[in-house]
Each structure stands twice: as structure tokens, then as C-alpha cells.
Amino acid sequence: MGRRAIGAGLLLAVGLAAPRPAAAFCGFYVSGAESELYNQATMVVMMRDGTRTVLSMQNSYQGPPEDFAMVVPVPVVLSEDDVKTLNDEVFDRVDRLAAPRLVEYWEQDPCYQPPPPMDMARGCPTCSVAMPMTAEGGGADLGVTVEAEFVVGEYEIVILSAEDSSGLDTWLRREGYHIPDGAEPVLRPYVEQGTKFFVARVDLEQVTREDGRAMLSPLRFHYDSETFSLPVRLGLLNSGGEQDLIVHILARGQRYEVANYDNVTIPTNLVVSQGVRNEFGPFYASLFDRLVERNPNHVVTEYAWDASSCDPCPTPALSPQELAILGADVVDGGPGGFTLTRLHYRYSSEELGEDLVFRAAEPIVGGRGMPDQQGQLSEQRAQPAPRNHFQGRYVMLNWWDGPVECDDPVRGRWGGPPSGGEPAPQPATDLAFVERNRTLGSYLEEDVPELGVSGAPQDRDDGSRGAGTTSRPPVPQGGGCASCSA
């Protein structure tokens, strides 16, 4: 697999005087050595309320375990009170909640007769501190000013301003940072706009590593600005090829899309083959890549739903405490009423010309409902609606394979598995690391005309063509309510 970055590309990571390779998320990384650094995965959660933006970033790093630093453009000088570190768990919760999901339905016994009505309605059961980084010798001669210095968790933070991009480039190099080639022209528009630079040095000895990747403590900071944007251009300086950016936006009762790029919604409610159960990540990567191939340079909307609910739920919806962690503690109105939007953008240096600017968008629905008697689903495309209820949902159907011993069987009634249990929806996560370039049509039980893909429906046991197979797979156990309407 080639190097890929999932990242906000906002960041310039900078290493320090001793050999210290680094990686980048929202910006770019600059190491203290000549090593090439690649960011493998960055997740961004943004909360927007009025003119306030709360930006939370989780980043993984691939490279030698030395110290490095990162640089993020910010519109204002931040103080220590504006910055904090977060726990990883809340990012996993957001990722799983908004991720594309695989669900299963089972055709019920065609001869089943419901019991007489009951009197009462029945529902479904239900961090260490390091020494601050200092700017020895200052940068006044280069037009660089250290506006603030403080320590948050394992991050040693300075806030810089600069009068000239070449002066900032020279200052960073003079302080021992090995900046990627071509940094100065990319820094120039930020400097000309009066942007400040958030520089956070990291001690990787304080960071856990999983599967060879260093998992950095997430950082959160907030600021007030009329513009709602994400600075992604700097990340291309650390790109090993294509970058895969996933942004989650929380806003009160409001979905967001990108204002300065084209937008498209992911096809949803597609019926998929039994093989997808064990290859959901590769299937979804193939679907996403085909959509982007047909809609180049588009940002893909994968989710828009009330953050406090979900249906079906791969994980419980976000709690008021989790919303506070992600920024509700520093916006007006408390933690209620937030819509969660998930945007996914895969790009190369040739395609990315501007930072992402966001705008409010009208509500949409899609990816809900039960299969009909033929195993088909509606809401396969996003439609306007009064409220946001859109998700990337993919459905595996298990047709009845037991005996049919009645005169008037009723086919196509869907619910949970005959053996009982509640199968949990399977989210597609870590998409930057899954195998790609699979044949999309082999995963589908139906055609997707707008993608130019033909599916391969399988024979049912009654001799007709339809979704699913006649074999009943093992039932995974988990949360959710398979027999409820989705």
C-alpha cells in the first residue's frame, strides 16, 4: 500500500534542533532531521456556533520515535485558556457514529402468523508537562514575533506572527527546523492575510504507539472568526501521494457543506452481497473511489444527523458530556440541538488549490427504511427534507431458507434473525488503511447507474433473482434493534 494521509492537511509539523523527524496534520510538519515524514491518519472535529469555531484534532504519526512539532495556521493569537488536550475515546465515538454502516435484515418465516393484539403497545427491547520551547535570539530581525508561550499536556506551544513568509521560513530553519521544500510559497498567503501560527512541539516518549503508529494526544483550541474554514494546503508539503481528509462538523440544527468546492452525497441504501460482511472496508473504499472518479474534486457528504440520536446505531449517540468535550462548554446555548455532518475529501497536490471554506446547507434525508417485498430499498439518494436524517447505509439481505409449509406464504417481510439476537451495525473505519482497487460490481446485488456499475444479484431458493443468498450466516451479537424500522 502506498503512503496515504487522512488529514486536515492544516499543519506544518516541525522538528527541533536534534534529529527529530515529524509528521503533519492540519498544516505541515517540519522535522529536526532530513527524514521524510508522512501523516497516516488525522481526524478533525469542528464545532461552529455563531462566529466561534472549536477545532479538535486527532493525529497518528508514522516515523522514528523522536520529538517533533507541528504548525497550524490560526486566525488569532491563542492563550493557554483556549487550548486543551482531549481523550482519544471521544474521537472514536464520533468516527463510529458518523461512519458508513453495514446492516443486515432477515426475511421472516413466510408462514408466520402474528399473535392477537395485546392490550399494551410493545416496542423493541431495548499528560506529562515538558519545558516550554523558547525562541533563542528572537526573530525580530526577520519580522517574526513570539506572541505567546505555554505548556498544555505533552505539548510545548508557541504562537507566532510574521511579517514576511521568507522571514518565517528563515526563522524556522535558523531555530533548527528542517522545513519541507516549497514551504515558503505555501506560507505566503497565510502571512499576507495576517494569520498567526500555532506551533506545538511534541515529546513522542510521552505518546503511545499502536501497530507502528504513534497516537498523539488530541488537541483542541477555539477562536472567534467570521470565516468558517479549515487550512489544508500546508498538509501537502508532507504528502506521500493522495491525502484522505475526513472532517466532522457539529453545529446547532445545521448541516454544513463546502462553499469553494463541488459537493456530492454518497449513494446509500445499496443492497450488497454476503461477502461484504468480512470486507466492508474494502467495499466502501471501492464505492467511494468510484464516486470520486465520476465526480473529481468533489467533497463527499457521508452523514448528516442529529448528534444525540441515530438509527441504526453502530455506537450510542453523543452524550451532553461528550459534546461539552468537543466544544459545547465554550459556545452559547449548552450541548443541545447539534447536527453532526461528516465530509470526506480525497485529493492530491494537483487538485487542492484552496483551503476548505464551509457554508450552511439545507437539510437532507437518505439511507433509511426497510426493504420491500422484493428486497429493494428507497432513499438511495439524498433528498431535501425538513430535518437532517442522511447516512451512508449498506444492506445485506438474508432470504428465508427454511421450509414453507402453508397455502398462502407471505414473502419479503423483514426483521431480525430467526435465531434471535440483535446484530450490531458494522461501521467502516480506518479507511485510509484498507485494501483498495477492488471490483465494486462484485460486491453489489443491484446496479448503480450513476456510477456506471452493474451488480450481480443471486438466485433465491424460489428460483427468482433477488438480493442475498439462501444460506443463513452466523448472527453477530451487539446493540441496536434489528426488528425496528430504520
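**Figure 1. Strands 15 and 20 pair antiparallel in this predicted model.** Their pairing runs over 10 bridges. Strand 15 covers residues 243-252, and strand 20 covers residues 338-347. Arg252 stands opposite Phe338 of strand 20. Strand 15 also supplies 4 residues to the largest nonpolar core, the largest share of that core.

**Figure 2. Strand 19 is another antiparallel partner of strand 20.** Strand 19 spans residues 298-306. The two strands are joined over 6 bridges. Here Ala304 stands opposite Thr341 of strand 20. Ala304 also belongs to a core of 27 residues.

**Figure 3. Strand 20 is covered on both faces.** Of its 10 residues, 10 are buried. One side carries Phe338, Leu340, Arg342, His344 and Arg346. The other side carries Thr339, Thr341, Leu343, Tyr345 and Tyr347. Charged and polar side chains such as Arg342, His344 and Thr341 are thus among the buried residues.

**Figure 4. Arg342 of strand 20 makes polar contacts with two acidic side chains.** Arg342 counts as buried because its relative accessibility is 1%, and the cut-off for buried is under 20%. A polar contact of 3.0 Å links its side chain to that of Asp95. Another, of 2.6 Å, links the side chains of Arg342 and Glu302. Glu302 falls within the residue range of strand 19.

**Figure 5. The largest nonpolar core holds 39 residues.** Phe198, Phe221, Leu230 and Phe358 have the most contacts inside this core. Apart from it lies another core, of 27 residues. Phe288, Val300, Ala304 and Leu431 are among the members of that other core. In soluble globular proteins, nonpolar side chains tend to be buried together.

**Figure 6. Surroundings of Phe221, a residue of the largest core.** Neighbours within four places in sequence are left aside here. Phe221 is in contact with Thr53, Val54, Leu55 and Met57. Its contacts also include Val72, Val74, Leu78, Asp82 and Val83. Phe198 is in contact with Phe221 as well.

**Figure 7. Three strands form an open antiparallel sheet in the order 14-21-16.** The edge strands are strand 14 (229-230) and strand 16 (255-258). Each of these edge strands pairs on one side only. Strand 21 spans residues 356-361, and 2 bridges join it to strand 14. Leu230 has Leu356 of strand 21 as its bridge partner. Leu230 is also one of the residues with the most contacts inside the largest core.

Technical notes: Residues numbered from 1 in each chain as written. Predicted model: local features only at pLDDT ≥ 70, side-chain atom pairs only at ≥ 80, totals over all residues. Heavy atoms only, no water. Core = buried A, V, L, I, M, F, W, Y, C linked by side-chain atoms within 4.5 Å. Buried < 20%, exposed > 50% of the residue type's maximum accessible area, 1.4 Å probe, protein only. Contact = heavy atoms within 4.5 Å. Polar contact = N/O pair within 3.5 Å; in protein donor to acceptor, adjacent residues only side chain to side chain. Pairing = 2+ DSSP bridges.
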